[in-house]
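Please open the model in a viewer and keep the sequence panel at hand. The tour below proceeds by selection, each followed by a description of what is there.

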Amino acid sequence: MNVLTTNSQTMSSKEIAELTGKRHGHVIRDIREMLSKIDAPNLGHEQYQELRDSRGYTSEILLDKELSITYRDWE
């Protein structure tokens, strides 16, 4: 699996939830909706990474700098 490189600037869905005062589950929902609307064919795990817990549920989404800014503008 490709992962975000350690040199890239990222922001997590948990950080976004804290900064915006939104519930984390709502931020996850909004990120998924944003990613589906972007619908870029080359968008991949170099730009975002979905982390899952032991049950397979999304525990956090990491966005690169460009997608973090897009989320802010999209909101």
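The stops run from the whole chain to the sheet, the helices, the core and two single residues.

**Conventions**

This is a predicted model, in which local features need pLDDT of at least 70 and side-chain atom pairs count only at pLDDT 80 or more, while totals for chains, interfaces and linings use all residues. Residues are numbered from 1 along each chain as its sequence is written, and side-chain values use heavy atoms, with hydrogens and water left out.

**Stop 1: the whole chain**

Select the protein chain and colour it by secondary structure. The chain has 3 helices and 3 strands, where helices (H or I, at least four residues) and strands (E, at least two) are DSSP runs numbered from the N terminus. From the N terminus on, the order of elements is β-α-α-β-β-α. Of the 75 residues, 31% are buried; here buried means under 20% relative accessible area, exposed means over 50%, and partly exposed lies in between (1.4 Å probe, protein chains only). The exposed surface of the chain is about 5200 Å², and carbon and sulfur atoms supply 46% of it. Accessible areas come from the Shrake-Rupley method with a 1.4 Å probe, and for residues only the protein chains shown count as cover. Among contacts with a separation of 6 or more, 57% are between residues 24 or more positions apart; a contact means heavy atoms within 4.5 Å.

**Stop 2: the sheet**

Select residues 10-12 and 48-52, then add residues 58-64. The result is an open sheet of 3 strands in the order 1-3-2, with antiparallel pairing; two strands pair if DSSP finds at least two bridges between them. Strand 1 and strand 2 stand at the edges with a single partner strand each, so one side of each has no neighbour in the sheet. From one strand to the next, the twist averages 20 degrees.

Now take strand 3 by itself. Because 6 of its 7 residues are buried, strand 3 is largely enclosed by the rest of the structure. Strand 3 is joined to strand 1 by 3 antiparallel bridges, and M11 has L63 as its bridge partner there. With strand 2, the antiparallel pairing of strand 3 extends over 5 bridges. Select the facing residues in turn: Y48 stands opposite L63, E50 is bridged to I61, and L51 is bridged to E60.

The hairpin of strand 2 and strand 3 has 5 residues between the strands, and G56 takes a positive phi near 95 degrees in this hairpin.

**Stop 3: the helices against the sheet**

Select residues 13-20, which form helix 1; this helix lies across strand 1 and strand 3 and runs at about 70 degrees to strand 1. Axes are lines fitted to C-alpha atoms, for helices over the stretch in contact, and angles run from 0 to 180 degrees between N-to-C directions. Which residues of helix 1 are buried? They are S13, I16 and A17. These residues are on the same side of helix 1, because they cover an arc of only 100 degrees around the axis, the arc being that of the directions from the helix axis to the C-beta atoms. E18 and L19 are exposed on the other side.

Helix 1 is followed by G21, which has a positive phi near 75 degrees. Leaving out residues up to four places away in sequence, A17 touches K22, R23, H24 and V27.

Next select residues 24-38, helix 2, which lies across strand 2 and strand 3 at about 50 degrees to strand 3.

**Stop 4: the nonpolar core**

Show the side chains of I16, A17, V27, I28, I31, M34, L35, Y48, I61, L63, L67 and Y71, the 12 residues of the largest nonpolar core. Such a core is a set of buried Ala, Val, Leu, Ile, Met, Phe, Trp, Tyr and Cys residues joined through side-chain atoms within 4.5 Å. Helix 1, helix 2, strand 3 and helix 3 each give two or more residues to this core, and helix 2 provides the largest share, with 5 residues.

**Stop 5: S68 and Q47**

Finally, select S68, which lies in helix 3 (residues 65-74). S68 is buried, at 13% relative accessible area. Beyond its neighbours within four places in sequence, S68 is in contact with M11 and L63. Add Q47, in the loop between helix 2 and strand 2. Q47 counts as partly exposed, at 21% relative accessibility. The C-alpha atoms of Q47 and S68 are 9.7 Å apart, with a separation of 21 residues in sequence.
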